[in-house]
Amino acid sequence: MKDEAVELLQALIRVDTVNPPGNETGAAELLRDYLEPLGIECALYGRVPERANLVARIPGRGDGPSLMLLSHTDTVLADPTEWSVDPWSGELRDGCVWGRGALDMKGQVAASAVAIASLAREGFRPSGDLIFAATADEEMGEGVTYGLEWLCSEHPDALRCDYAVNEGAGDRIELGGKVLYLCSSAEKRSSPVVLRVHGRSGHGSMPGIADNALVKAAPLIERLGEFAPEPVLTPETEAFLAAVLDRVPPAEQALEAARSVDELAAELVEPLLGMTVAPTMVAASAKRNVIPGRCDVTVDCRLLPGQTEDEADRLLRAWLGEGEYDLEWRDGQGGTRSELATPLWSAIESFVDALEPGARLAPIGVSGFTDSHWLREAFGTVAYGFFPLRAMSPEVAVRLIHSADERIAVDDLGLGVDFLRHVALTVGSA
Ligand SMILES: [Zn+2]
């Protein structure tokens with residue numbers, strides 16, 4: 001099965017699905033041609049013909065829980081001059097498959113496809129539907145979208161599921177002598193906000209009679225740069241701390257307690273203790289000799305799962321104090337979570353137990369956005385991000401994602417197939 005996954009991954013890497021423009025239909029057809037002869041139901045759905053999503057299914061024999069293996073087929077771009085191999089070669093070298101998307105996330109696409117294919121060959125009939133979705137357009141996902149967001153609104157019946165396994169985590173880390181496998185169960189909410197500072201415009205030669213909004217923005221930007229909210233503990237942060245420390249410290253001590261174990265634990269916990277703000281863009285006068293009467297500062301703001309813009313607005317105003325400014329919240333996205341006491345969690349936990357006795361499964365909230373959000377929002381699906389990586393260290397993997405010389409260890413690809421089969425068999429026999 002490992003060899004089968006290697007071959008399929010190589011073929012997927014050779015289909016260029018750099019987004020934009022995506023052109024994911026080639027990948028969807030390749031997967032359909034692999035799965036359909038095994039009697040697996042396959043359907044292609046596309047908002048436009050060249051950007052198809054594949055949904056494949058082994059129908060359940062009863063009304064047991066349905067499980068989706070979720071993945072995306074598009075990738076970010078690659079600059080061949082920075083690579084030691086052709087990024088679309090899928091070359092097998094030093095025990096790894098090399099190419100754009102190997103980690104993010106054609107490796108998991110291939111492992112999921114091989115998992116469902118092998119189960120179909122064995123005649124496995126799950127109690128509820130086993131679904132494999134290889135979707136388009138995850139990497140851009142703004143404006144008009146072609147992937148899971150569109151599918152959930154246009155073809156909900158093809159996508160509805162109780163449980164889903166997606167990308168997002170699966171790293172094996174060691175903290176203070178404990179081995180942890182991370183499973184992402186929540187994500188922060190991306191909530192851009194514009195800080196609009198008001199002044200009075202005037203001629204650049206007479207600053208005395210104007211009220212320069214850019215100058216007034218400066219101390220506010222500085223204050224934003226120092227933003228430090230009261231720490232709070234979300235359920236996933238509590239469970240993570242419990243796995244690392246065997247206890248849950250009060251929120252104010254959480255960061256120090258994590259740091260006392262390992263700097264990496266502190267790095268993982270810090271963004272999950274509160275919303276973060278990062279001023280990233282500024283716009284004031286369009287002319288050198290016109291003093292701006294208005295200055296817009298765009299702030300990348302990430303809220304905790306479940307936190308609302310209203311709450312964030314109150315926190316920011318309290319932090320900045322009185323002033324001649326407004327806060328305008330733009331389209332926020334994400335910020336969902338799945339609970340932890342579920343059969344899917346137990347299934348992943350039992351895999352980790354068997355893989356490495358004594359290792360623990362620890363939940364983590366991710367600071368970025370993943371497609372899990374769309375399933376949670378549309379169907380209340382319990383969705384986790386987990387794809388175990390053991391041969392490649394997380395420090396190496398994180399540097400290769402979206403970067404040059406992206407590759408996945410063949411052994412991790414095989415491990416991924418084993419993991420996805422285990423979950424499908426466990427959930428599907430409920
Ligand atoms: Zn991805």
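In this predicted model, Asp405 sits in the loop between helix H13 (394–400) and strand S20 (407–409). Asp405 is not a glycine, yet its phi is positive, at about 60°. Asp405 counts as buried because its relative accessibility is 16%, below the 20% limit. A second aspartate, Asp246, also has a positive phi, near 65°. Asp246 is placed in the loop between helix H7 (235–245) and helix H8 (251–261). Most residues other than glycine have a negative phi, and most peptide bonds are trans.

Cis peptide bonds were found as well. One runs from Asn19 to Pro20, with omega near -5°. Pro20 belongs to the loop between helix H1 (2–14) and helix H2 (25–35). Another joins Asp104 and Met105, with omega about -10°. Met105 lies in helix H3 (residues 102–121).

Asp104 also takes part in the metal site. The zinc ion has protein donors from His72 (NE2), Asp104 (OD) and Glu167, the last of which gives two OE entries. These donors lie 1.9 to 2.5 Å from the zinc ion. The angles among the four donor atoms span 54 to 146°, and the site is irregular. Its geometry is not tetrahedral, because that class requires all angles to lie between 85 and 135 degrees. The spacing of the donor residues in sequence is H-x31-D-x62-E. His72 in strand S3 (residues 67–72) and Glu167 in the loop between strand S7 (163–166) and strand S8 (172–175) are 95 residues apart, so the pair links distant parts of the chain. His72 is buried, at 1% relative accessibility. Glu167 is likewise buried, with a relative accessible area of 13%.Salt bridges number 27 across the whole structure. One of them pairs Arg121 with Glu4, at 2.7 Å from N to O. Arg121 lies in helix H3 and Glu4 in helix H1, so this salt bridge ties together parts 117 residues apart in sequence. Arg121 is partly exposed, at 47% relative accessibility. Glu4 is partly exposed too, at 23%.

Arg51 and Asp137 form another salt bridge, at 3.6 Å from N to O. Arg51 lies in the loop between strand S1 (41–46) and strand S2 (52–58). Asp137 lies in the loop between strand S6 (130–135) and helix H4 (148–154), 86 residues apart from Arg51. Both Arg51 and Asp137 are buried.

The side chains of Arg93 and Glu91 meet at 3.2 Å, N to O, in a further salt bridge. Arg93 is partly exposed, with a relative accessible area of 31%. Glu91 is partly exposed at 30%. A network of salt bridges links Arg196, Arg294, Asp296, Glu328 and Arg330.

Notes:
Residues numbered from 1 in each chain as written. Predicted model: local features only at pLDDT ≥ 70, side-chain atom pairs only at ≥ 80, totals over all residues. Heavy atoms only, no water. Donors = N, O, S within 2.8 Å, 3.2 Å for Na, K, Ca; no water. Tetrahedral: all angles 85-135°; square planar, octahedral: opposite > 155°, others 65-115°. Helix = DSSP H or I, 4+ residues; strand = E, 2+ residues; numbered from the N terminus. Buried < 20%, exposed > 50% of the residue type's maximum accessible area, 1.4 Å probe, protein only. Salt bridge = Lys/Arg side-chain N within 4 Å of Asp/Glu carboxyl O.
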